[in-house]
Each structure stands twice: as C-alpha cells, then as structure tokens.
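Q: I am a first-year student, and I would like a close look at one part of this model, its surface and what surrounds that part. Please take me through it slowly, in one connected explanation.

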Amino acid sequence: MTAMKAININTQTDYHKYDKWFTIAKVLLTLAPFIALIYMQAFIGGSNLSELLQQNPEITLTFLVSMAGPFTAYLLSFAQKHLYEEDVPYMMAHLALLFAVELLLRNGVYALLMGCLMFLVYRMTGMSPLEALRLKWKDHFFRDLSGCIVLMVFAMFCLFVSLRLGM
C-alpha cells in the first residue's frame, strides 16, 4: 500500500517538475499585447495610435492577434490545474487545440512553445494529443474545451482576414 502511495507522490511531483516552462509560456503570452503596443508606438513615431489602427487594417489585425495571447495564457493555466488533478486528457487536449490556434494565427514562436509543452506533457504522461482529443470527444468535448473552440473561431476569422489582406 505504501509503495502505491509513493508512486502517486512521485507522479504528483513530476507534474510540478516542468512548472517553469508553463510559467514562461504564460508570461510570454500575457506580454504579447504590450510588446505589440511597443512595436506599434515605435512604428508610428509621434502619430496617433487610434488613427493608425483605423487607417491600416494590417496593423489592426496584428494588434488583434496579439490580444489572443492573454486569453491563451488563461486557458493554459486553467488546463494546468487539471493536470495537477491528474486529468491528463483535459490538459493534452487543450494543448493540442492551443497549438492549432497558434498555427492558425501564424504565431510561429507560440506554436513552437505549445508544441514543446505538448512534448513535455507527453513525456510525463505518455498520452498523445490525438488520444487525448479522442477521449475528450467521448466525454464532454464542447463543454470542457469551449474556451479553445471560441479562440479557434477567432483564429479562423483572423486567418481569413489576413489572407484577404494578402499578409
């Protein structure tokens, strides 16, 4: 009985082993709009930011895409809590959908970051993203992953607009 308890304790500490990577991801995602604002301020010089957003749809779209970062960070922290509760399919399904969202938004750095987090969770648990999505599909897919689905619809809209603008 104590050997089983020791295994559970080791598993629990394994989940906290990669907390620094999740924290780095959440901080970078949260800072995305501020980095975009700094970039836009440098780009426009002394001009008015609201006028630039109205006149240049490409810059407006870039700003909108950066605004998805904090919501992604929120979803990531919410899913990480489920990982601590040993709900691995929930975490892996979130990471898989967030990876797809970042690909749709064409955020290469954040897509790479989500891919690395998926790899870390896979190393910890042995559950693949496709297996997690299949398990969640059978068990409250739309309820549990609704935030990711809303973000995916937003990402598809941004992708459509960027393709129409020729970006």
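A: Before turning to the part itself, it helps to know what a patch is here: a patch is made of residues that have over 30% relative accessible area and no salt bridge, and nonpolar side chains such as those of Val, Leu, Ile and Phe are joined into one patch when they lie within 5 Å. The model is a predicted one, and every value that follows was computed from it.

With that in mind, the part to look at is a nonpolar patch on the surface, formed by Val27, Leu31, Phe34 and Ile35, which together have about 370 Å² of accessible area. Leu31 is a useful member to follow, and its place is in helix 2. Its relative accessibility is 39%, and Leu31 therefore counts as partly exposed, since that class covers what lies between under 20% for buried and over 50% for exposed. Because a patch takes residues with over 30% relative accessible area, the 39% of Leu31 also meets that cut-off.

Helix 2 holds another residue worth comparing with these limits, namely Lys20. Lys20 reaches 53% relative accessibility and therefore counts as exposed. Although Lys20 and Phe99 are 79 residues apart along the chain, their C-alpha atoms are separated by 19 Å.

Helix 2, which runs over residues 19-44, also takes part in the lining of the largest pocket, as one of the elements that give two or more residues to it, alongside helix 4 (57-84), helix 5 (88-105) and helix 9 (146-165). In general, rolling a probe the size of a water molecule over the atoms shows where empty space is left. About 370 Å³ of space lies in the largest pocket, and of the 20 residues that line it, the closest to its centre are Thr62, Val65, Ser66, Leu105 and Asn107. Helix 4 gives the most to this lining, with 6 residues. Sorted by class, the lining has 13 nonpolar, 5 polar and 2 charged residues.

Two loops beside these helices have a backbone feature that deserves a careful look. As a rule, most residues other than glycine have a negative phi. Glu86, in the loop between helix 4 and helix 5, nevertheless has a positive phi of about 65° although it is not a glycine. Arg106, found in the loop between helix 5 and helix 6, likewise has a positive phi, near 60°. Glu86 has 44% relative accessibility and therefore counts as partly exposed, and Arg106, with a relative accessible area of 43%, is partly exposed as well.

Beyond that second loop, helix 6 covers residues 108-125 and contains Phe119, a residue that is partly exposed because its relative accessible area is 47%. The C-alpha atoms of Phe119 and Ser146 are separated by 23 Å, and these two residues are 27 apart along the chain.

Finally, the patch can be set in the whole protein, whose secondary structure comes to 9 helices and 0 strands. The C-alpha atoms fill a box of roughly 70 × 30 × 20 Å, taken along the principal axes, and 39% of the 167 residues count as buried. Leu31, by contrast, is one of the residues that count as partly exposed, and it belongs to the nonpolar patch on the surface together with Val27, Phe34 and Ile35.

Conventions:
Residues are numbered from 1 along each chain as its sequence is written. This is a predicted model: local features need pLDDT of at least 70, side-chain atom pairs count only at pLDDT 80 or more; totals for chains, interfaces and linings use all residues. Side-chain values use heavy atoms; hydrogens and water are left out. On a 1 Å grid over the protein atoms alone, a cavity is a set of points where a 1.4 Å probe fits but cannot get out, and a pocket is an open set with protein on both sides within 12 Å along at least five of seven lines; lining residues have an atom within 4 Å of a point. Grid points are joined across faces, edges and corners, and a volume is the space filled by probe spheres set on the points. Helices (H or I, at least four residues) and strands (E, at least two) are DSSP runs, numbered from the N terminus. Ala, Val, Leu, Ile, Met, Phe, Trp, Tyr, Cys and Pro count as nonpolar, Asp, Glu, Lys and Arg as charged, and the others, Gly among them, as polar. Patches are made of residues with over 30% relative accessible area and no salt bridge: like charges are joined within 9 Å, nonpolar side chains (Val, Leu, Ile, Met, Phe, Trp, Tyr) within 5 Å. Accessible areas come from the Shrake-Rupley method with a 1.4 Å probe; for residues, only the protein chains shown count as cover. A salt bridge is a side-chain nitrogen of Lys or Arg within 4 Å of a carboxyl oxygen of Asp or Glu. Buried means under 20% relative accessible area, exposed over 50%, partly exposed in between (1.4 Å probe, protein chains only).
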